[in-house]
Amino acid sequence: MNLVIFGPPGSGKGTQAERIKSRFELAHVSTGDLLRAAVASQSDLGRKVEGILAAGELVSDGIVLELIREAVTRVGNDESVRGWLLDGFPRTRGQAEGLGEIVAAVGQKIDAIVVLEVPREAIVERLAARGRTDDTPETVMNRLDVYEEATAPILDYYEGKVSIHRVNGDQPIEAVTEAIERLLT
Ligand code: AP5
């Protein structure tokens, strides 16, 4: 099974991906984690994207599509998992179209998209309590605006092409996990 976990910044994508990946034997692929690892290692890619992450802007489609191409290939060769769980990707129409080409080239498809719905006020409260370097109030507002403008409209692109499951993400972590598991089994 190949899944996308979708939702605004701070909606719990990473938290839920970590909880459901073993249940469905999936490899969790987070573009945010991959980009933060590149920044931490100060690789060429990391130095290139550091300021973009700090500002809450989007890294270019070309860069993230390359990361995803590598990840999908790696997961396809990994016999310990039964598919991938993409977190934080796709985030633009271009990324959605690019993903379609990548998966078609290896004879795969997206089986479902799980959308975590959380009100903006709850997200602002959550991220203020966490304190990652891109969780400053100004950057959080920008990340939310970028989500609304560039990312949320992708769901229209997938409407009628892929099963889209909307989940209330504004409830205790365990309850969100149970809701996702119910939808997928
Ligand atoms: P990314 O790492 O993907 O960040 P994000 O989408 O902003 O999401 P977060 O990681 O903040 O939140 P989440 O939804 O995973 O929630 P989490 O489980 O962590 O991207 C970071 C940056 O990288 C982007 O801004 C961009 O610059 C770049 N980037 C990444 N992907 C890209 C792409 N495809 N294209 C271009 N650029 C890209 O939870 C958040 C907090 O809430 C935690 O403290 C958690 O404990 C808490 N929490 C979780 N669930 C609950 C709950 N149910 N109740 C209460 N608290 C909860």
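# Notebook: strands, helix 3, a pocket and some backbone angles

I began with the strands, and found that strand 1 and strand 3 run parallel and are joined by three bridges. I note at the outset that this is a predicted model. Within that pairing I looked up leucine 3, whose bridge partner in strand 3 is leucine 85. Strand 3 also pairs with strand 2 (residues 27-30), again in the parallel sense, and here I found four bridges; in this case serine 30 has aspartate 87 of strand 3 as its bridge partner.

I then asked which way the residues of strand 3 (residues 84-87) point. Trp84 and Leu86 point one way and Leu85 and Asp87 the other, and all of them are buried. I set beside this the general rule that side chains in a regular strand alternate between the two faces of the sheet.

After strand 3 I followed the chain into the loop that leads to helix 5, where proline 90 is found. The peptide bond between phenylalanine 89 and proline 90 is cis, with omega about 0 degrees.

Next I turned to helix 3 (residues 44-55), where I noted Gly46, Val49 and Leu53 as buried. Viewed down the axis of helix 3, the buried residues fall within an arc of 90 degrees, so they line one face of the helix. The general background is that an α-helix has 3.6 residues a turn, so residues three or four places apart point the same way. I checked what the buried residues of helix 3 pack against, and the partners are helix 2 (31-41), helix 4 (61-76) and helix 7 (137-151). On the face turned away from the buried side, I found the exposed residues Asp44 and Lys48. Glycine 56 follows helix 3, and its phi is positive, near 75 degrees.

I looked for other positive phi values, bearing in mind that most residues other than glycine have a negative phi. Glutamate 25, in the loop between helix 1 and strand 2, is not a glycine and yet has a positive phi of about 55 degrees. Its relative accessibility is 39%, so I entered glutamate 25 as partly exposed. Glutamine 42 lies in the loop between helix 2 and helix 3, and its phi is likewise positive, near 55 degrees. Because its relative accessibility is 34%, glutamine 42 counts as partly exposed.

I also looked up isoleucine 102, which lies in helix 5 (residues 93-105). Is isoleucine 102 buried or exposed? It counts as buried, because its relative accessibility is 6%, and the cut-off for buried is under 20%. Leaving aside neighbours within four places in sequence, I listed the contacts of isoleucine 102 as Leu65, Ile68, Arg69 and Val72. From isoleucine 102 to glutamate 66 the C-alpha to C-alpha distance is 9.7 Å, with their positions 36 residues apart in sequence.

Last, I examined the largest pocket, which holds about 880 Å³ of space. Its lining has 44 residues, and those nearest the centre are Pro9, Gly10, Lys13, Arg132 and Arg143. The elements giving two or more residues to this lining are strand 1 (3-6), helix 1 (13-24), helix 2, helix 6 (120-130), helix 7 and helix 9 (173-184). I asked which element gives the largest share of the lining; helix 2 does, with five residues. Sorted by class, I recorded 17 nonpolar, 16 polar and eleven charged residues in the lining of the largest pocket.

Definitions and conventions: Residues are numbered from 1 along each chain as its sequence is written. This is a predicted model: local features need pLDDT of at least 70, side-chain atom pairs count only at pLDDT 80 or more; totals for chains, interfaces and linings use all residues. Side-chain values use heavy atoms; hydrogens and water are left out. Buried means under 20% relative accessible area, exposed over 50%, partly exposed in between (1.4 Å probe, protein chains only). The arc is that of the directions from the helix axis to the C-beta atoms. Contact means heavy atoms within 4.5 Å. On a 1 Å grid over the protein atoms alone, a cavity is a set of points where a 1.4 Å probe fits but cannot get out, and a pocket is an open set with protein on both sides within 12 Å along at least five of seven lines; lining residues have an atom within 4 Å of a point. Grid points are joined across faces, edges and corners, and a volume is the space filled by probe spheres set on the points. Ala, Val, Leu, Ile, Met, Phe, Trp, Tyr, Cys and Pro count as nonpolar, Asp, Glu, Lys and Arg as charged, and the others, Gly among them, as polar. Two strands pair if DSSP finds at least two bridges between them.
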